[in-house]
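Colleague: Please take a close look at the interior of this structure and describe it as one connected picture for a reader who has not met it before.

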Amino acid sequence: MLRQLRENIVNDLPASVVVFLVALPLCLGIALASGAPLASGLIAGAVGGIVAGFLSQSQLAVSGPAAGLTTIVLASIQDLGSFQAFLACVVLAGLLQIGLGFARAGVIGHFFPNSVIKGMLAAIGLILILKQIPHALGYDADYEGDESFVQPDGQNTFTEILQAIQNPTSGAIIISLISLFIILLWETPRVKRQNWAKYVSGALVVVMVGVVMNQVFVSWYPHLSIQDTHLVNLPDFSATSISSILTFPDFAQLFSQKALIVAVTLAMVASLESLLSVEATDRLDPYKRITPLSHELKAQGVANMVSGLLGGLPVTAVIVRSTANIAAGAKSKWSAIFHGFILIIVVFSFPHVLRLIPLACLAGILIMVGYKLTSPSMYLDMWKRGRDQFLPFVVTIVAILLTDLLVGIFIGILVALYFVLKTNFHSAVVLVNDDDQYLLKFTRDVSFLNKAALRRSLEKIPDNARIIIDGSRSHFIDADVVETIQDFMKTAETKNIEVELKRNKHATHPMFRESE
């Protein structure tokens, strides 16, 4: 691991700064939306980076508090009556995740269809762009990190944009446009070829320029200055002792029915979100490394136990920070680990500096992250793959946009499953003909699900024809399928259809086995 650090620190350290800049407002925003102390989001971000980073075998995934859990966390704290009781549930949820890891439950992640995973990435990219547009315009009524379509204030993703267009902040618009220009400039081949560009990330330049520009506005152009409500809202922890920031769990009602339900819910949802994010991150990995998913559940479980014990929110692998990590040029897990340490050092040592950062320049960074997730080339590629890939992809995008991540994924999987079953029905029963000579062949095992396709094929056989039915290669033929063939053979006599069952001595099913 130390060798990996020496080889990749030139790439991983600058990338960790970018991840830190992206993670900071998200950690704060998610804690605010969850009804939890702001410090709990920062603790979860640090633990996700350091603990999950060390233990995970994913090289590029970044863990931290997840926007998808905000509703669950908010409701759980209210139901349990205290944040301390909720922290105990986070610890138990982590223990359950470790158990799931040892039970090899990570195999579930391998069953997510490729079209659905790509739909999830594209949807999150669109959500990032749509949710950051108001911040880019200087309208920050919605918290950073929100991914829900319907918001707590009664607005939705699209009406929020309309509100922002009607209430823009000129200084924020200028800073966000310049931020986008800088990031695009950093993506050009000419800049990428420069040696110094390896050490100075575009996102860091964006933040520095944003801070300087706003200070210039404050001094010389007050009408363009960005107010405190449009800057990073970070409490001053510099004069606060660590012990007073930490909140410790209350295990008194841990085994009550409410607490157990919360713990199981957190474990299930956090595990699914982590598996989805890690699978998606592996697909984005330029080196195409594969993460052992059951091991990932163990790593996330330990991280959640530590986060809960220290007063942090639940931790999952999160795709937004992971994508920012990849886009910033990270090569190993050290980037995620460094970002966790940077969160601790900077937040508790230099909070006054962070409070100078305009949300508009962070919006520019996240909009470009979103664009990379939902680039037009992805849509074109999925279109070329055919309807059975494109439709689940599009349905997943729309479902996630209008609901949430897990509900959207579930809907996408159902649509993908429909096409899988449809393809299986048709490919398992093949009918070919030459004039009035027909061959009906079972290419694989056939179940009652294939009965409809079989009947449609048999209905195509005209009177006075000859048909050979070949099921010699099927290891399993459902009783309903056998009965359908037998019924057809009886009715064939009345239509002068000659039916022959192709038998051989190696056939598994008795109906097609040649007698010795």
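Modeller: The account below goes from the empty spaces to the packed parts around them.

This is a predicted model, in which local features need pLDDT of at least 70 and side-chain atom pairs count only at pLDDT 80 or more, while totals for chains, interfaces and linings use all residues. Residues are numbered from 1 along each chain as its sequence is written, and side-chain values use heavy atoms, with hydrogens and water left out.

Rolling a probe the size of a water molecule over the atoms shows where empty space is left. On a 1 Å grid over the protein atoms alone, a cavity is a set of points where a 1.4 Å probe fits but cannot get out; a pocket is an open set with protein on both sides within 12 Å along at least five of seven lines; and lining residues have an atom within 4 Å of a point. Points are joined across faces, edges and corners, and a volume is the space filled by probe spheres set on them.

The largest pocket has a volume of about 610 Å³. Its lining has 23 residues, and those closest to the centre are Trp186, Glu187, Ala327, Ala328 and Gly329. Helices and strands are DSSP runs (H or I, at least four residues; E, at least two), numbered from the N terminus. Among the elements that supply at least two residues each to this lining are α7 (170–186), α9 (202–220) and α16 (359–373). By type, the lining comprises 15 nonpolar, four polar and four charged residues; Ala, Val, Leu, Ile, Met, Phe, Trp, Tyr, Cys and Pro count as nonpolar, Asp, Glu, Lys and Arg as charged, and the others, Gly among them, as polar.

The second largest pocket, of about 380 Å³, is lined by 19 residues, with Ala67, Gly68, Thr70, Thr71 and Ser148 nearest its centre. Helix α3 gives the most to this lining, with four residues.

Seven cavities of 30 Å³ or more are present. The largest cavity has a volume of about 230 Å³, and Leu26, Ala67, Gly145, Glu147 and Val320 lie nearest its centre among 20 lining residues. Helix α5 gives the most to the lining of this cavity, with five residues. That lining divides into twelve nonpolar, three polar and five charged residues.

The packed parts come next. A nonpolar core is a set of buried Ala, Val, Leu, Ile, Met, Phe, Trp, Tyr and Cys residues joined through side-chain atoms within 4.5 Å, where buried means under 20% relative accessible area, exposed over 50%, and partly exposed in between (1.4 Å probe, protein chains only). The largest core has 81 residues, of which Leu24, Leu42, Met120 and Ile357 touch the most other members. Helix α5 (residues 114–136) gives the most to this core, with ten residues. A second, separate core of 35 residues includes Ala66, Cys89, Val90 and Leu313.

Contact means heavy atoms within 4.5 Å. Apart from neighbours within four places in sequence, Ile357 is in contact with Leu21, Val207, Val211, Leu231, Val232 and Leu362.

Gly308 lies in helix α12 (residues 293–310) and counts as buried because its relative accessibility is 0%. Not counting residues up to four places away in sequence, Gly308 touches Leu87, Val90, Val91, Thr247 and Pro249. The C-alpha atoms of Gly308 and Ser40 are separated by 9.2 Å, although these residues are 268 residues apart along the chain.
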